[in-house]
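The following paragraphs are intended to be read with the coordinates at hand. Please follow each element in the display as it is introduced.

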Amino acid sequence: MAELWFPVPPPAGDVVLRPWREADVPGKLLAFSDPVMQRFSWRTTPYTETDARDDFAEQEEARLHGDELNFALVEPRDQDVVLGGVSLYEVRLDQGCAAVGYWLAPEARGRGAATHAVRLLAGWAFAELGLARLELTCGPDNEASQHVAERCGFSREGLLRSHVPFKGARRDSVIYSLLPGELR
């Protein structure tokens, strides 16, 4: 598959989506130590500096293979302040579809940052990558994530039973989709 590229200039509005930097490691460590992140994260062990660096390397490899594109979600007035992350993954350009994921640091929650980020990413993915469908999944108990999806115009399609491995067991997932023209 073809390499994915970061948009220039980066998608921006109430938040900015930019590539991750080495300097973002401390902010990512702090965010992943939060109890809410630990509750919904796939991680079963504490998130370390090595994990963050390994994640950045894996994300770059996936970008070069055309599989995913991961962005730091940052403040527009100070792009050194990481609010969270947003990603386009399971990218299948030949089929016109991909999945969207996101997370927020505790101090960024409750102010619309994830909603703004998903809108920016979805708008770019439809316009520049020519995607025909975006999917979003989350745990049935992750109400905040479901609200973000609905505010952005995603339609709930159903429940994927025993969908993904999660913390030594399997977890159901709620699945949403967004088509061009539905983004709010």
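In β5, which residue is the bridge partner of A99? The partner is E135, in a model that is predicted. This bridge belongs to the pairing of β4 with strand β5 (residues 133-138), which is parallel and extends over three bridges. The connection between the two strands involves a helix: β4, α4 and β5 together make a right-handed β-α-β unit.

On the other pairing of β4, the partner is strand β3 (residues 82-92). Here the strands run antiparallel and are joined by seven bridges. Within this pairing, V86 stands opposite Y102 of β4. The two strands form a hairpin with four residues between them, and in that turn G96 adopts a positive phi of about 70 degrees.

The surroundings of β4 deserve attention next. Strand β4 spans residues 97-104, and eight of its eight residues are buried, so the strand is largely enclosed by the rest of the structure. In a regular strand, side chains alternate between the two faces of the sheet. In β4, C97, A99, G101 and W103 point one way, while A98, V100, Y102 and L104 point the other way. Residues of both sets are buried.

Strand β4 also takes part in covering helix α1 (residues 25-32). The buried residues of this helix are V25, K28, A31 and F32. They cover an arc of only 125 degrees around the axis, and therefore lie on the same side of α1. What covers them includes α2 (35-40), α3 (49-64) and β4. The face turned away from this buried side carries P26 and L30, both exposed. One of the buried residues, K28, has a further contact to note: its charged end sits over the ring of W20, 5.1 Å from the ring centre. A second arrangement of this kind involves R171, which lies over the face of F166 at 5.1 Å from the ring centre.

The aromatic side chains supply another view of how parts of the chain are brought together. With ring centres required to lie within 6.5 Å, the count comes to five aromatic pairs. In one of them, the rings of F6 and F71 have centres 5.4 Å apart and planes at 85 degrees, so the pair is edge-to-face. F6 lies in the segment before β1 (16-18) and F71 in strand β2 (residues 69-74); the pair therefore ties together parts that are 65 residues apart in sequence. The two rings differ in their exposure class: F6 counts as partly exposed, at 22% relative accessibility, whereas F71 counts as buried, at 1%.

F71 also pairs with W124. Their ring centres are 6.5 Å apart and their planes stand at 80 degrees, so this pair is edge-to-face as well. Because F71 lies in strand β2 and W124 in helix α4 (residues 113-129), the pair ties together parts that are 53 residues apart in sequence. W124 has 10% relative accessibility and counts as buried. Together with W5, the residues F6, F71 and W124 form one aromatic cluster. Helix α4 thus appears in two settings, since it carries W124 of the F71 pair and is part of the β-α-β unit with β4 and β5.

Definitions and conventions: Residues are numbered from 1 along each chain as its sequence is written. Side-chain values use heavy atoms; hydrogens and water are left out. Rings of Phe, Tyr and Trp (its six-membered ring) pair if their centres lie within 6.5 Å; planes under 30 degrees apart count as stacked, over 60 as edge-to-face and the rest as tilted. Buried means under 20% relative accessible area, exposed over 50%, partly exposed in between (1.4 Å probe, protein chains only). A charge sits over a ring if NZ of Lys or CZ of Arg is within 6 Å of the ring centre and within 35 degrees of the ring normal. Two strands pair if DSSP finds at least two bridges between them. A crossover is right-handed if, with the strands pointing away from the viewer, the path from the first strand over the helix to the second runs clockwise. The arc is that of the directions from the helix axis to the C-beta atoms. Contact means heavy atoms within 4.5 Å.
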